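Thanks for making the time today; I would like to walk you through one structure, slowly, and in a fixed order.

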Amino acid sequence: MARRHMFEEMIQMREYSKHIDLSISEIYSCMKENSELQCHRLNVPEGNAGELIIKIPRHEEAVTIEEVFVKRGFRNSGLGSSLLLFGEMTAYELGFRSVELRPFSTDPLLSDHELKGWYLKRGYLPDGEKMRKRLSSKNFEVIS
């Protein structure tokens with residue numbers, strides 16, 4: 001439940017949150033040999049708007065964002081950025097100081113190149129086939 005409250009507080013910082021009632025819930029969490037896989041679903045009054053899948057390792061330095069998915073009808077509203085930020089905040093709260101991902105699109109209307117640009121705008125830097133973002137408390141400060 002702590003993660004849900006953290007997300008709700010974070011979402012109140014966003015301008016669009018004044019217009020959209022959001023909640024996030026953990027759909028599943030499964031333990032693997034060296035990591036935990038979590039799926040968090042983003043719910044709005046109209047139903048499921050998207051989900052975030054993260055891999056929390058036991059013996060590695062970075063949390064892996066496996067997927068950030070927002071349904072087409074909810075795109076360009078800031079929900080993807082909120083899911084990504086939720087994953088970053090979860091990693092930071094667990095003591096990780098970096099997040100990594102492999103940008104690839106499962107949507108034929110969105111190219112891998114466009115998706116990579118989306119992550120670049122959110123502070124991710126290329127690192128071979130992956131992209132990486134260093135986390136610090138400055139990533140989560142509210143500037144008014």
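I will take the pocket, then a pair of strands, and then the cysteines.

Please keep in mind throughout that what you see is a predicted model, and that the numbers I quote were computed from it.

Let me begin with the largest pocket, which holds about 640 Å³ of space and is lined by 29 residues. If you want to find its centre on the screen, look for Val68, Arg75, Leu110, Leu115 and Trp118, since these are the lining residues that lie nearest to it. Three elements give two or more residues to this lining, namely strand 4 (63-70), helix 2 (79-93) and helix 3 (112-121), and the largest share, 6 residues, comes from strand 4. As for chemical character, the lining of the largest pocket divides into 14 nonpolar, 7 polar and 8 charged residues.

Turning now to the strands, strand 1, residues 23-31, pairs with strand 2, residues 35-44, in the antiparallel sense, and 8 bridges run between them. The two strands are joined by a hairpin of 3 residues, and one of the bridges sets Ser23 opposite its partner in strand 2, Asn43.

That leaves the cysteines, and here you might ask how many disulfides a search of the whole structure finds. The search finds 0. Two cysteines are worth a comment on exposure: Cys39 has 2% relative accessibility and therefore counts as buried, the cut-off being under 20%, whereas Cys30, at 30%, lies between the limits of 20% and 50% and so counts as partly exposed.

Terms used:
Residues are numbered from 1 along each chain as its sequence is written. This is a predicted model: local features need pLDDT of at least 70, side-chain atom pairs count only at pLDDT 80 or more; totals for chains, interfaces and linings use all residues. Side-chain values use heavy atoms; hydrogens and water are left out. On a 1 Å grid over the protein atoms alone, a cavity is a set of points where a 1.4 Å probe fits but cannot get out, and a pocket is an open set with protein on both sides within 12 Å along at least five of seven lines; lining residues have an atom within 4 Å of a point. Grid points are joined across faces, edges and corners, and a volume is the space filled by probe spheres set on the points. Helices (H or I, at least four residues) and strands (E, at least two) are DSSP runs, numbered from the N terminus. Ala, Val, Leu, Ile, Met, Phe, Trp, Tyr, Cys and Pro count as nonpolar, Asp, Glu, Lys and Arg as charged, and the others, Gly among them, as polar. A disulfide is a pair of cysteine sulfur atoms within 2.5 Å. Buried means under 20% relative accessible area, exposed over 50%, partly exposed in between (1.4 Å probe, protein chains only). Two strands pair if DSSP finds at least two bridges between them.
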